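Okay, everyone, thanks for squeezing me in. Let me put the structure up, and then we'll go through a cavity and a sheet.

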Amino acid sequence: MLVANKMAGKRIWLDTSLNLDIPGGNGLCSALENGQISRVSCSSRLAVICQKDAQFVRTLEDFRDKLEAITYIQNMTSFQPQTLPCPLGMTAFDDVIVWFKDGRPIDDLKDDDSTSFGPKNGQLPNSLELDLSILKRIGETSPVYLKPPMLQGEYWCEIWRKAPFRRIPSNKIYIKFTDVITLRGVIFTEPISYTDAAIFNRMGQKVGVPAAMEMRLSIMNKNITNYLRGILPIIRDVITSIKSVSADEGQSEFVTYISTSTGDLPPHMRGNVADLYLSAFFEALVLNEDVIRTEWNLTLPLIRAVSVSMTDLCPEKTLVDPKTNFSATFPSTPVNTQTYSRDYCNNAYSGNAYCKGNLQTGAYWDSWTISQSCLLLNVSAPVPGSALNGPTNGRVTNTSADGASTKLPNVITVPDSAMLDPDS
């Protein structure tokens with residue numbers, strides 16, 4: 001339910017879905033009067049709105065309780081998702097529970113909605129089954145196939161109470177699939193059409209530049225997936241989806257899901273897989289730069305136009321302290337965790353660094369200090385502050401187009417004709 005902007009002498013209220021039909025144009029609809037929803041006669045009614053003289057009291061947001069700031073993380077696998085119970089209690093017969101995913105309301109499940117996890121058996125009204133129908137019910141119309149890894153994200157439920165009208169939100173739950181390696185990225189372009197941005201952000205429909213981005217990324221990922229499977233048979237699939245578009249800033253955020261056949265990959269292996277993908281990803285960008293610049297309306301150099309990072313850990317990386325000019329290599333580290341370097345000499349580690357960020361925005365190295373230069377620490381030695389040890393020889397840590405080589409031209413180059421059929 002939304003309330004239109006204030007107008008002189010009139011108010012327009014969107015239907016709460018509880019209104020009765022208006023036979024002969026002389027029925028009832030809901031209107032806000034003095035902070036309460038009351039039933040008043042309406043002379044006319046459209047599909048979802050009633051117009052009625054009313055006194056403006058406050059906006060709808062005033063009727064929504066404050067969302068809890070804490071987000072709880074719940075681990076599961078994409079091939080065996082669980083049911084989410086709404087922790088809120090229904091106290092009135094006309095209470096309505098509304099579920100949200102990543103800020104978008106999830107429509108009620110229709111009888112003909114198909115899922116990939118079988119039929120429902122007595123689903124409770126206050127629970128949410130994690131299945132592919134959710135993606136359709138939030139308006140996801142991605143040209144890539146809708147797949148289980150895309151169910152990962154932030155969920156919460158709300159009770160919508162009618163009299164007086166209130167929206168009571170639960171705490172947020174972030175569903176994290178342990179068999180999926182998630183990367184978040186940003187593409188900086190020229191300002192995007194307001195119409196294209198609004199159609200996507202409000203309706204989930206991808207047109208114009210956002211559609212061209214997702215189509216090109218889908219084709220690139222098909223080639224990269226085949227390449228990764230040749231090295232690591234545990235790779236099942238790689239998909240990328242555009243998540244949000246900012247028209248003025250020309251900024252498009254995307255998420256890439258690298259799905260594996262195991263739910264317990266050690267952190268250093270997750271970092272290895274991510275680095276292999278990023279190396280191939282930026283290789284593809286460089287090899288198809290001319291076409292991509294036109295399709296995506298890029299003006300910045302690739303090194304600045306595209307940025308990608310993992311969401312749950314910072315991959316192993318060699319950092320340079322700008323104050324001392326010393327460098328040190330830091331192991332793969334979970335987000336919001338401090339770690340010591342692999343470099344060790346003079347009975348001390350070279351430095352320490354902090355993996356900062358969150359699952360929604362991505363992880364990145366921050367606040368590193370390096371006080372001395374040492375040889376690389378033996379990888380079998382324990383690293384204080386981090387349990388993430390293991391062989392990392394040959395790791396590639398590029399997360400931008402800078403330094404991308406030309407070692408995979410036959411694997412990654414995408415012919416223009418492939419743009420016509422992403423499934424070929």
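Quick definition before we start: a cavity here is a set of grid points where a 1.4 Å probe fits but cannot get out, and a residue counts as lining if it has an atom within 4 Å of a point. Bear in mind that this is a predicted model.

So, how many cavities of 30 Å³ or more does a search of the whole structure find? Two. The largest holds about 50 Å³ of space. Its lining is made up of Gln152, Tyr174, Lys176, Val180, Thr182, Arg270, Thr311, Asp312 and Leu359. β12 (172-177) and β13 (180-188) are the elements that each give two or more of those residues. By type, the lining splits into three nonpolar, three polar and three charged residues.

Where does this cavity sit? Between domain 2 (56-110 + 124-178) and domain 3 (180-310), because both give residues to its lining.

Now let's stay with β13, since it's also part of a sheet. That sheet is open, with four strands in the order β14-β15-β13-β16 and antiparallel pairing. β14 (235-246) and β16 (306-310) are at the edges with a single partner strand each, so one side of each has no neighbour in the sheet. On average, neighbouring strands are turned by 20 degrees against each other, direction ignored.

Zooming in on β13 and β16, they run antiparallel and are joined by five bridges. If you want a spot to look at, Arg184 is opposite Ser309 in β16.

Then the helices. α3 (residues 208-231) packs on the sheet, touching β13, β14 and β15 (251-260), and its direction makes about 160 degrees with that of β14. α4 (residues 267-287) lies across β13, β14, β15 and β16, at about 170 degrees to β16.

Notes: Residues numbered from 1 in each chain as written. Predicted model: local features only at pLDDT ≥ 70, side-chain atom pairs only at ≥ 80, totals over all residues. Heavy atoms only, no water. 1 Å grid on protein atoms, 1.4 Å probe; cavity = no way out; pocket = protein on both sides within 12 Å on 5 of 7 lines; lining within 4 Å. Points joined across faces, edges and corners; volume = space filled by probe spheres on them. Nonpolar A, V, L, I, M, F, W, Y, C, P; charged D, E, K, R; others polar. Domains from an automatic or database assignment. Pairing = 2+ DSSP bridges. Axes fitted to C-alpha atoms, helices over the stretch in contact; angles between N-to-C directions. Contact = heavy atoms within 4.5 Å.
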